[in-house]
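Q: I am new to this structure. Please take a close look at one part for me, the interior, and connect what lies around it.

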Amino acid sequence: MLTAWGDESGSQPDRDPNTYLLAAALCDEDDVPTVRKAMESLRLGHETKVHWHGSSSDRRHELVAAVSELPLAGLVVVHTEAGASDRRHRRKCLEYLLPNLAEMPCARITLESRSHLDASDVDILQKFRAQRVITSSLRVHHAIGRLEPALWVADIVCGAVVQSRVGNPEYLRRLAGAIHLEQI
C-alpha cells in the first residue's frame, strides 16, 4: 500500500503570481524508514529540518540528487487564481489530490501541520466521503515538519517545481521521471 507525504508552497509572487502548489511524495509503506533515514542524513547540524527555502544552489542540487535516488513518486498540483487566499488555493489542490491518491490506492497522506488550520483538510476528506467522491480508506494526518523527515521530500519537490516555473528547470529535470504535474 502507498503512503504520501505532503507539503505546500507559494510560488514567487513577482515571477509567478497567484500560484500555489501542493506536492505529495508517495512511497510504499515499507520504504518509509529508508526515506526518513535518507532525509535525516541530509539535515545539517544547525537545521531543525531540511528546507528548500534559503538553501544555496549547491545545497539544492544535493537535496534533489538525494531525493532522486529514493523509491518515490510525486504528484504536484498547481493552482493559479488571481486574488485567491491560501485557504482557497489549498482546498482546490486537495480537491484534485485526494481523489487521485485514493485511486492509486494510497492509504494515508501526512501533511505538514498548520496548527488550527489542519481541521479544514480533514473536513474536505469527510465531505468527499459523504459525496462518495472518495470511497477508499484514505486517511489524512498531520505532523510537525521538524519532527517528520519524510515531509522534507515534499518540500524539496515543491521547491524544484517553483524553480522550474520561474525559469530554472534544472532541479525538476533531475526529478522529472518521478514527478507528475497537474495544473488546475
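A: Start with one term: a residue is buried when its relative accessible area is under 20%, exposed when that area is over 50%, and partly exposed in between. Keep in mind that this is a predicted model.

Take helix H4 as a test of the term. H4 covers residues 118–130. Its buried residues are Asp118, Ser120, Asp121, Ile124, Leu125 and Phe128. What do they pack against? Their partners are helix H3 (86–103), strand E4 (106–112) and strand E5 (139–143). H4 has 13 residues and reaches 19 Å from its first C-alpha to its last. That is close to the 18 Å expected at 1.5 Å a residue. Arg132 follows H4 and has a positive phi, near 60 degrees.

Now the cores. In soluble globular proteins, nonpolar side chains tend to be buried together. Here, the largest nonpolar core has 34 residues. Val35, Met39, Val76, Val153, Ile156 and Val157 have the most contacts inside it. Which elements give two or more residues to this core? They are strand E2 (19–28), helix H1 (32–42), helix H2 (57–68), strand E3 (73–80), helix H5 (151–165) and helix H6 (170–175). H5 gives the most, with 10 residues. A second, separate core has 22 residues, and it includes Leu26, Val77, Ile124 and Leu138. Ile124 links back to H4, where it is one of the buried residues.

H5 deserves a closer look. It has 15 residues, and 13 of them are buried, so the rest of the structure largely encloses this helix. Its length also checks out. At 1.5 Å a residue, H5 should span 21 Å; its end C-alpha atoms are 22 Å apart, which agrees. Just after H5 comes Gly167, with a positive phi of about 100 degrees.

Two residues of H5 show its surroundings. The first to consider is Ile156, among those with the most contacts inside the largest core. Beyond its neighbours within four places in sequence, Ile156 is in contact with Met39, Val50, Trp52, Leu63, Val64 and Val67. Met39 is another of the residues with the most contacts in that core.

The other is Gln163, which also lies in H5. Is Gln163 buried or exposed? Its relative accessibility is 10%, so it counts as buried. Leaving out residues up to four places away in sequence, Gln163 touches Gln12, Trp52, Arg60, Asn168, Pro169 and Tyr171. Trp52 is thus in the contact list of Gln163 and in that of Ile156. Gln163 is 132 residues from Asp31 along the chain, and their C-alpha atoms are separated by 28 Å.

Strand E2 also gives residues to the largest core. Cys27 lies in E2. At 1% relative accessibility, it counts as buried. Cys27 touches Met1, Leu2, Thr3, Trp5, Val32, Val35, Pro71 and Leu72, not counting residues up to four places away in sequence. Thr3 is 24 residues from Cys27 in sequence, but the C-alpha atoms of the pair are 5.7 Å apart.

Is there empty space inside? Rolling a probe the size of a water molecule over the atoms shows where empty space is left. A search of the whole structure finds one cavity of 30 Å³ or more. The largest cavity holds about 40 Å³ of space. Its lining is made of Asp7, Lys49, Val50, His51, Glu112, Gly145, Leu151, Trp152 and Asp155. By class, that lining has three nonpolar, two polar and four charged residues. H5 appears again: three lining residues come from it, the largest share. Val50 lines the cavity and is in contact with Ile156.

Last, a few loop details. Pro105 sits in the loop between H3 and E4, and the peptide bond from Met104 to Pro105 is cis, with omega near -5 degrees. Ser115 is in the loop between E4 and H4. Its phi is positive, about 60 degrees, although it is not a glycine. Ser115 is exposed, with a relative accessible area of 55%. Asn18 lies in the loop between strand E1 (2–10) and E2. Asn18 also has a positive phi, near 60 degrees. At 36% relative accessibility, Asn18 counts as partly exposed.

Definitions and conventions. Residues are numbered from 1 along each chain as its sequence is written. This is a predicted model: local features need pLDDT of at least 70, side-chain atom pairs count only at pLDDT 80 or more; totals for chains, interfaces and linings use all residues. Side-chain values use heavy atoms; hydrogens and water are left out. A nonpolar core is a set of buried Ala, Val, Leu, Ile, Met, Phe, Trp, Tyr and Cys residues joined through side-chain atoms within 4.5 Å. Buried means under 20% relative accessible area, exposed over 50%, partly exposed in between (1.4 Å probe, protein chains only). Helices (H or I, at least four residues) and strands (E, at least two) are DSSP runs, numbered from the N terminus. Contact means heavy atoms within 4.5 Å. On a 1 Å grid over the protein atoms alone, a cavity is a set of points where a 1.4 Å probe fits but cannot get out, and a pocket is an open set with protein on both sides within 12 Å along at least five of seven lines; lining residues have an atom within 4 Å of a point. Grid points are joined across faces, edges and corners, and a volume is the space filled by probe spheres set on the points. Ala, Val, Leu, Ile, Met, Phe, Trp, Tyr, Cys and Pro count as nonpolar, Asp, Glu, Lys and Arg as charged, and the others, Gly among them, as polar. The expected span of a helix is 1.5 Å times one less than its number of residues.
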